[in-house]
Amino acid sequence: MDQSAAISKTLENEENCTIVSFILVFLFVFRLVTSQVEVKIFIYKNRRMAITAEDVSLEDIIPISFDFAVAEGELLSCGSDITVRMSYQQEELNFKLPFGSHSRLFLSELNRAWSGKSYNNIKKVCKSPAVVPNFEWINKYQKNSKSLGVGKQVPAPLGTPLNKLSQQRKTGLFFIPEMTTCVHQFSQGITSREDRDELVRSSSHTPSNKAQILAMPQFGLRDNLIRCELLKNEEQYTYLEDFSFFLGTYNVNGQTPKESLRPWLSCTLNPPDVYCVGFQELDLSKEAFFFNDTPKEPEWTKAVSEALHPDATYALVKLVRLVGIMLILYVKKEHAEFISDVEAESVGTGIMGRMGNKGAVAIRFHFHNSNICVVNSHLAAHIEEYERRNQDFKDICARMEFHQLDNSRPPFTIIKHDVVFWIGDLNYRISNLDVKDVKELISKKDFEALHNYDQLKRQIDEEAVFVGFVEGEINFQPTYKYDTGSDTWDTSEKCRVPAWCDRILWKGKNITQQHYQSHMALKISDHKPVSSLLVTGRINSETYKKTFEEIVRNIDKLENECIPSVTLSKQEFHFKDVKYMQHQAETLTLYNDGQVPCQFEFIQKPNESTYCKSWLTANPHKGFIAQGGSVDIELEVFVNHMTAPNLNSGKEQIEDILVLHLERGKDYFISVSGNYLPSCYGTSLRLLCLMREPIHDMPPGTIETLTNGNDMNAENPLAIPKELWMMVDHLFRHAIKQEDIFQQPGLRSDFAEIRDCLDTGMPDSLPGSNHSVAEALLLFLDALPEPVVPYSFYQQCLDCCSNASHCEKVISMLPQCHQNVFNYLTAFLRELLKHTANNRLDVNILSTIFASLILKPPTKQDFAEKRKTQEFFYYFLNPESSTAQTSV
């Protein structure tokens with residue numbers, strides 16, 4: 001969450017918060033009168049995530065002046081803290097910043113300001129003795145801060161120790177590791193973490209980690225040439241050794257760690273080199289679901305740290321969590337220095353592809369010369385939803401990206417890594433076999449026969465998911481579902497069929513599996529934990545060095561000898577019948593017909609900020625082609641809620657020109673065109689009420705005419721859009737008692753059919769499952785160019801959120817079609833709440849989901865505003881406070 005909003009509220013009007021680095025705030029103050037820039041560091045304390053000004057307290061202020069200096073800091077790799085030492089006047093300060101992009105950006109800006117590399121005004125103010133800023137503006141903060149560092153000795157912030165350092169002014173001190181957004185700030189409750197962090201050090205650039213050097217931004221075409229040749233000769237310098245990864249997954253069903261995890265995590269004779277431990281359903285509470293906050297995280301983290309193999313000492317590398325999906329990475333002491341470039345990301349695949357009750361978290365890192373990615377996922381539940389699980393897997397692979405330090409470089413995706421470990425509750429079940437027959441095969445330990453009925457095995461065999469991945473032989477009984485606290489199969493009314501929900505797969509070369517097993521000794525959950533021990537290959541440093549040096553010598557001979565050139569498979573692409581949220585792609589093949597390898601990139605056209613229109617992408621948009629080789633580029637068209645309004649109205653067309661540039665070569669021009677089929681998705685409520693016919697039946701130009709204000713049916717518009725009525729009516733008749741309605745996602749294929757029905761005609765019943773229709777309704781509301789409560793009324797709604805009568809008054813002032821839709825939807829939701837025993841909904845769930853769609857902010861929404869929108873909407877769902885009379 002962006003904490004700069006909370007910090008900004010503590011500042012004066014002429015001051016702006018530029019970057020927040022957890023407890024440190026780096027602030028630029030623009031002095032408009034003197035045309036100077038004065039830079040200072042604000043030090044705040046915060047006991048929790050800073051949402052409002054009340055969540056932080058100002059501790060100290062340090063001006064970056066002539067008396068300020070940065071001493072060389074110690075950079076710890078492996079996702080642990082970064083130690084930074086600064087001096088001001090006679091005092092030295094020692095800071096620890098969390099490993100992540102916030103710290104990286106903070107140090108980058110601090111180094112710029114202090115060294116004067118990029119800010120000329122700062123250079124004048126801070127580096128020249130003739131121009132000394134007086135920082136008089138700091139005086140106004142005296143009443144708020146406990147102590148100020150201007151003109152006197154600066155106390156150590158937040159209780160950190162002071163160390164006497166030599167005051168040397170240096171530039172370019174910091175080597176900032178390549179990383180993305182810091183996903184998690186470690187809990188303060190883990191007492192042993194500091195000891196483990198001290199084991200981790202940054203690696204030097206030795207021949208054994210040349211790949212890390214090659215990954216740095218200064219390497220371009222040469223880098224790719226070397227990479228290509230290294231891959232060709234990989235077998236010459238790769239060998240296997242006893243280098244082990246322990247992979248563990250456990251769905252804990254919202255329980256607390258009441259028993260030791262050692263039977264699971266310390267089951268190997270020898271201590272593993274790396275631990276990758278994943279959990280699902282860490283916390284099932286609504287607070288965790290909606291606010292991603294849970295006390296279970298430190299409890300389980302502590303349980304894991306205490307259960308690691310006792311014959312080795314481990315460093316905590318990284319922790320990442322999305323609601324109840326958590327992944328922790330540990331490394332053995334002697335390998336800590338070889339881990340770098342640690343990144344963590346998460347993707348939610350719940351309702352509307354956003355909610356984090358289902359999805360994945362991942363950690364990627366560089367280990368010796370290998371890029372490794374570990375994914376922990378929790379896919380869609382229920383035996384019949386295997387297609388949804390397939391879709392979740394594909395969405396995670398497509399959306400999970402790790403951004404590089406050099407923003408001009410394309411991000412890493414999961415599949416681009418050398419090694420991928422995938423663990424989690426994948427939720428694939430055993431189907432087409434009665435529960436009695438399943439249990440009989442289990443009693444006979446005939447797991448091979450039972451495995452033939454496993455959904456994941458069937459989907460892999462059909463190449464629907466996990467293409468290229470490997471799973472070891474399953475010689476253990478299904479891990480789901482047990483009565484909690486026992487080894488007894490589910491005896492509840494549902495009597496679920498046993499299944500191997502919890503799985504471990506991998507992808508990569510030179511990997512062997514030493515064990516794959518479940519752990520029946522742990523009984524606190526309705527799942528059993530699973531573990532796998534994998535042995536990987538690594539680089540022979542000496543052989544690698546010789547290969548590397550030989551490749552560099554050969555490349556030196558090639559440089560500047562020839563101009564690169566390519567042949568394009570075609571230069572004109574037409575996409576037929578483009579539809580809302582329906583992916584289309586065509587392949588552009590580039591053949592390197594020149595005498596040297598070449599590097600290509602799609603570049604921006606004059607006066608344009610991106611290389612293509614927002615509905616179009618080229619994947620990859622830049623890359624490398626070896627001599628005589630080729631590359632396939634997917635030109636993808638996808639219209640979403642951001643691009644649909646202008647395409648629906650006719651203001652924009654599916655037309656663009658791509659410019660393909662070759663480094664040291666010429667440019668090629670590629671034409672992209674298509675015809676877009678207008679949709680009710682992305683069309684305003686006003687226009688939809690004016691159209692009595694399906695949008696596909698509207699004469700050409702009619703939508704554009706209506707958009708421009710020519711209301712041909714203005715005297716007799718529909719009360720609400722017919723498309724909205726169709727979806728709500730379907731749900732009212734078929735899904736009012738549907739369990740987990742509006743909480744479980746539907747299928748993408750169902751949505752496509754529902755969209756087509758709404759855009760082309762009105763059948764008696766909508767296709768797809770109830771969950772798919774519910775998600776289609778949410779997507780409809782999300783795609784509106786102007787939300788149900790128009791942007792112009794947003795602030796009024798926030799201001800009156802604590803007064804029910806004022807809330808109703810604001811709704812009465814909405815444009816008629818917006819008012820009708822609001823009343824219609826709230827009446828329907830109140831009907832749903834009459835059946836909470838069946839659908840498991842409550843007022844808080846519905847107000848959280850629908851307030852974010854019906855009452856959208858015109859700009860970025862902070863947490864306090866989000867709370868107010870929910871409070872506003874709550875009145876209309878609570879029968880005691882709502883007076884809306886509209887019925888479904």
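Reader: Which helices do the buried residues of α20 pack against?

Author: Quick heads-up: this is a predicted model, where local features need pLDDT of at least 70, side-chain atom pairs count only at pLDDT 80 or more, and totals for chains, interfaces and linings use all residues. Residues are numbered from 1 along each chain as its sequence is written, and side-chain values use heavy atoms, with hydrogens and water left out. Helices here are DSSP runs of H or I with at least four residues, strands are E runs with at least two, and both are numbered from the N terminus. The buried residues of α20 (buried means under 20% relative accessible area, 1.4 Å probe, protein chains only) pack against α19 (722-734) and α21 (770-783).

Reader: Which residues of α20 are buried?

Author: Helix α20 covers residues 748-760. An α-helix has 3.6 residues a turn, so residues three or four places apart point the same way. The buried ones in α20 are Asp750, Phe751, Ile754, Arg755, Cys757, Leu758 and Asp759.

Reader: What strand order does the open sheet of 5 strands have?

Author: Two strands pair if DSSP finds at least two bridges between them. Pairing is mixed in this sheet, and the edge strands β22 (572-578) and β26 (622-625) each pair on one side only. The order reads β22-β29-β28-β24-β26.

Reader: How many bridges join β28 to β29?

Author: Strand β28 spans residues 654-662 and β29 spans 667-676, and the two run antiparallel. One bridge partner in β29 is glycine 674, which goes with isoleucine 654. The number of bridges joining β28 to β29 is 8.

Terms used: Expected span 1.5 Å × (residues − 1). Buried < 20%, exposed > 50% of the residue type's maximum accessible area, 1.4 Å probe, protein only. Contact = heavy atoms within 4.5 Å.
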